[in-house]
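The exercises below ask you to read side-chain pairs and helix packing from a structure, and each is followed by a solution that goes step by step. Please look at the sequence and the model before reading the solutions.

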Amino acid sequence: MARSLGLFLAACERLFLGLANSLLLAILAINLVNILSRLVFDLGIIWVFPWTRVMFVWMVFLAFFVIYRRGKDITVDFAVNFMGARLQQAVRVFVDLVVIALLALILAQIPTLLPRQVGHLDLVGIQRYWLAIPFYVSCALILLEFLLDLLRAVGLAPNEPERATP
């Protein structure tokens, strides 16, 4: 089960990285077209800025999971590095449990928050709650990542060798 979960998370990492990069390219492309349209025709494309905002939010929230999974986030572990192995293990389990609880709390709020995020985004035509969907999916995947780490920390799943990140 742990291996399947690890493979699933790795596939999600690749998918989210591809989606985030695709959104960045789309943002660059539509803004370039808008700039050229202003230069050549002296006419801006009215929907570019609203869609740029939407795609930027989606890109950041999709990259949220990728950044954590690749270990590119900021960690403050210098004090833990001075602890003995058993204390480091206890801190690891404690942190995993706290993060799992926090992410579960965030995800538990979805049924309350989504209905409150109604209304169409001007010039985009989607409901406001669609902005938050990638955030919630990233939170769920990070929760699974911490759950997998907890299983590894307590010996219920084999530790995998550190993966090289490109």
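L144 has its place in helix 6, where helices (H or I, at least four residues) and strands (E, at least two) are DSSP runs numbered from the N terminus. The model is a predicted one, in which local features need pLDDT of at least 70 and side-chain atom pairs count only at pLDDT 80 or more, while totals for chains, interfaces and linings use all residues. Residues are numbered from 1 along each chain as its sequence is written, and side-chain values use heavy atoms, with hydrogens and water left out.

**Exercise 1. Describe the surroundings of L144.**

Solution. Begin with accessibility: at 25% relative accessibility, L144 counts as partly exposed, given that buried means under 20% relative accessible area, exposed over 50% and partly exposed in between (1.4 Å probe, protein chains only). Next, list the partners: leaving aside residues up to four places away in sequence, L144 touches L5, F8 and L9, a contact being heavy atoms within 4.5 Å. Finally, take one of these partners, F8, whose C-alpha atom is separated by 9.9 Å from that of L144, although the two residues are 136 residues apart along the chain.

**Exercise 2. Extend the view from L144 to the packing of helix 1 and helix 6.**

Solution. Two packed helices are described by the angle between their axes and the distance between the axes. The axes of helix 1 and helix 6 come within 10 Å and cross at roughly 145°; axes here are lines fitted to C-alpha atoms, for helices over the stretch in contact, and angles run from 0 to 180 degrees between N-to-C directions. Helix 1 passes helix 6 in a left-handed crossing, that is, the near helix is turned anticlockwise from the far one by less than a right angle (clockwise would be right-handed). On the helix 1 side the contact includes L5, F8, L9 and C12, which meet residues of helix 6 including V137, L141, L144 and E145. Sorted by class, this contact has 10 nonpolar, 2 polar and 1 charged residues, where Ala, Val, Leu, Ile, Met, Phe, Trp, Tyr, Cys and Pro count as nonpolar, Asp, Glu, Lys and Arg as charged, and the others, Gly among them, as polar.

**Exercise 3. How many salt bridges does a search of the whole structure find, and which parts of the chain do they link?**

Solution. The search finds 4 salt bridges, each being a side-chain nitrogen of Lys or Arg within 4 Å of a carboxyl oxygen of Asp or Glu. Consider E13 and R69, whose closest N and O atoms are 2.9 Å apart. E13 lies in helix 1 (residues 2–41) and R69 in helix 2 (residues 48–69), so this pair ties together parts that are 56 residues apart in sequence. Turn then to R69 and E145, which form a salt bridge with closest N and O atoms 2.6 Å apart. This pair links R69 in helix 2 with E145 in helix 6 (residues 133–153), 76 residues away. R69 is buried, with a relative accessible area of 9%, and E145, at 9% relative accessibility, counts as buried too.

A further pair is D149 and R92, with the closest N and O atoms 2.7 Å apart. D149 lies in helix 6 and R92 in helix 4 (residues 85–108), so the pair ties together parts 57 residues apart in sequence. R92, at 26% relative accessibility, counts as partly exposed. As a last step, join the bridges that share partners, which brings E13, R69, R70 and E145 into one network.
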